[in-house]
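Me: I'd like to work through this structure step by step. Can we take it as short questions with reasoned replies?

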Amino acid sequence: MRVSRRTLLTAFLALPLMPAARTRSFAQASPALPLTLECRDADDLTPEREAGPFFKPNSPRNRELHADVLGGERITVAGFVLDTHCRPLAGSLVEIWHADESGAYDNAGFRLRGHQFTGAQGRWWFNTIVPALYPGRTRHFHFKVQRPGGPILTTQLFFPGEPGNAGDRLFHETLLLDMKQTGDGRFGRFDFVV
Ligand SMILES: [Fe+2]
C-alpha cells in the first residue's frame, strides 16, 4: 500500500534541520520516504520566471486550496525557503496561483490562489490539485517568494515527465518538483533559494 500525502507531509515537517548533512541523515532515517533535501551551492538562486497574465494581488492567507475544488488530482507541494548557505528563512512569504482542473485561472475570485509565511524552520506547503494543461504551456505552478525585507522572486515550478516540458520556453530543469506518487495523489518537493 502506498503512503499517503499526509504521511509524506508529516515526514517533511519532521525533517531535522542540519545544514550540510541533511540529505544523508534523512535518507538513512527514512529509506521508505525518498524525500530529498538538497543543500545547493552558494549563488545557486532559484531562477526567475515571468508572472504571466493571471497573477492577482491580495490572495487569501490559506494553504488548503482544494477545499472548494471537486475535480482534479490532489497534490501536496512543500519545501523550504533557504538562503544561499542553506539556512532556513523564517517569515518568508510563499504565494501560489495556478490553473484549475480545466486549465482555467479564477480571475474573478481567489480559487486556487493563496499565500502563507514560513515558520521558524522555513517550511511551506500547500494542499491543492494538479493544474490542468492550457494551450501554449506545459504543466506548471506559479509562485512568488519573498524573504523578510528582500526582493520578490517570481517563478514557476514544473512537473517531471511532462511531454510539454521540452517545448515550453519557460521550462527549466532546475525548477522541477521532486515528485512522488502516493496512495491519494501526488507529493511534490521544492526548496526555494532566495
Ligand atoms: Fe500559468
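**Questions and replies**

Reply: Start with the contacts in the protein chain that have a separation of 6 or more: residues 24 or more positions apart account for 70% of them. Keep in mind that this is a predicted model.

Me: How many helices and strands does the protein chain have?
Reply: Read the pattern along the sequence: α-α-β-β-β-β-β-β-β-β-β. Then sort the elements by type. The secondary structure comes to two helices and nine strands.

Me: What percentage of the residues in the protein chain count as buried?
Reply: Buried means under 20% relative accessible area. Apply that to the 194 residues of the protein chain. The buried share is 51%.

Me: Which residues are the protein donors of the iron ion?
Reply: Look for atoms lying 1.9 to 2.1 Å from the iron ion. Two are OH atoms of tyrosines and two are NE2 atoms of histidines. In sequence the donor residues are spaced Y-x28-Y-x5-H-x1-H. The donors are Y105, Y134, H140 and H142.

Me: Where in the chain do Y105 and Y134 lie?
Reply: This pair links distant parts of the chain, 29 residues apart. Both residues are buried. Y105 is in the loop between β2 (93–97) and β3 (113–117), and Y134 is in the loop between β4 (123–129) and β5 (140–146).

Me: Why is the arrangement of the four donor atoms around the iron ion irregular?
Reply: A tetrahedral arrangement needs all angles between 85 and 135 degrees. The angles here run from 91 to 157°, and this makes the arrangement irregular.

Me: Which residues touch the most other members of the largest nonpolar core?
Reply: In soluble globular proteins, nonpolar side chains tend to be buried together. The largest nonpolar core here has 27 residues. β1 (74–82), β2, β4, β5 and β6 (153–158) each supply at least two of them. The residues that touch the most other members are F143 and F192.

Me: How many residues are in the other core, the one with L8 and F12?
Reply: This core lies apart from the largest one. Its members include W125 and F187 as well. The count is nine residues.

Me: How many aromatic pairs are found in the whole structure?
Reply: Rings pair if their centres lie within 6.5 Å. The search covers the whole structure, and it finds 14 aromatic pairs.

Me: What kind of pair do the rings of F126 and F143 make?
Reply: F126 is in strand β4 and F143 is in strand β5, 17 residues apart. Both are buried. Their ring centres are 6.3 Å apart and their planes are at 55°, so the pair is tilted.

Me: Which residues form one aromatic cluster with F126 and F143?
Reply: The cluster holds both of these phenylalanines. It also takes in a tryptophan. The other members are W124, F141, F159, F190 and F192.

Me: Which ring does the charged end of R63 sit over?
Reply: The charged end of K56 sits over the ring of F110, 4.0 Å from its centre. For R63, the distance to the ring centre is 3.7 Å. That ring belongs to W125.

Me: Is N58 buried or exposed?
Reply: N58 is in the loop between α2 (22–29) and β1. It has a positive phi of about 70° although it is not a glycine. Its relative accessibility is 68%, so N58 counts as exposed.

Me: Is C86 buried or exposed?
Reply: C86 is in the loop between β1 and β2. It has a positive phi of about 65°, and it is not a glycine either. Its relative accessible area is 2%, so C86 is buried.

Methods
Residues are numbered from 1 along each chain as its sequence is written. This is a predicted model: local features need pLDDT of at least 70, side-chain atom pairs count only at pLDDT 80 or more; totals for chains, interfaces and linings use all residues. Side-chain values use heavy atoms; hydrogens and water are left out. Donors are N, O and S atoms within 2.8 Å of the metal (3.2 Å for Na, K and Ca); water is not among the atoms, so sites may look incomplete. Four donors count as tetrahedral if all angles lie between 85 and 135 degrees; four count as square planar and six as octahedral if opposite donors are over 155 degrees apart and all others between 65 and 115; anything else is irregular. Helices (H or I, at least four residues) and strands (E, at least two) are DSSP runs, numbered from the N terminus. Buried means under 20% relative accessible area, exposed over 50%, partly exposed in between (1.4 Å probe, protein chains only). A nonpolar core is a set of buried Ala, Val, Leu, Ile, Met, Phe, Trp, Tyr and Cys residues joined through side-chain atoms within 4.5 Å. Rings of Phe, Tyr and Trp (its six-membered ring) pair if their centres lie within 6.5 Å; planes under 30 degrees apart count as stacked, over 60 as edge-to-face and the rest as tilted. A charge sits over a ring if NZ of Lys or CZ of Arg is within 6 Å of the ring centre and within 35 degrees of the ring normal. Contact means heavy atoms within 4.5 Å.
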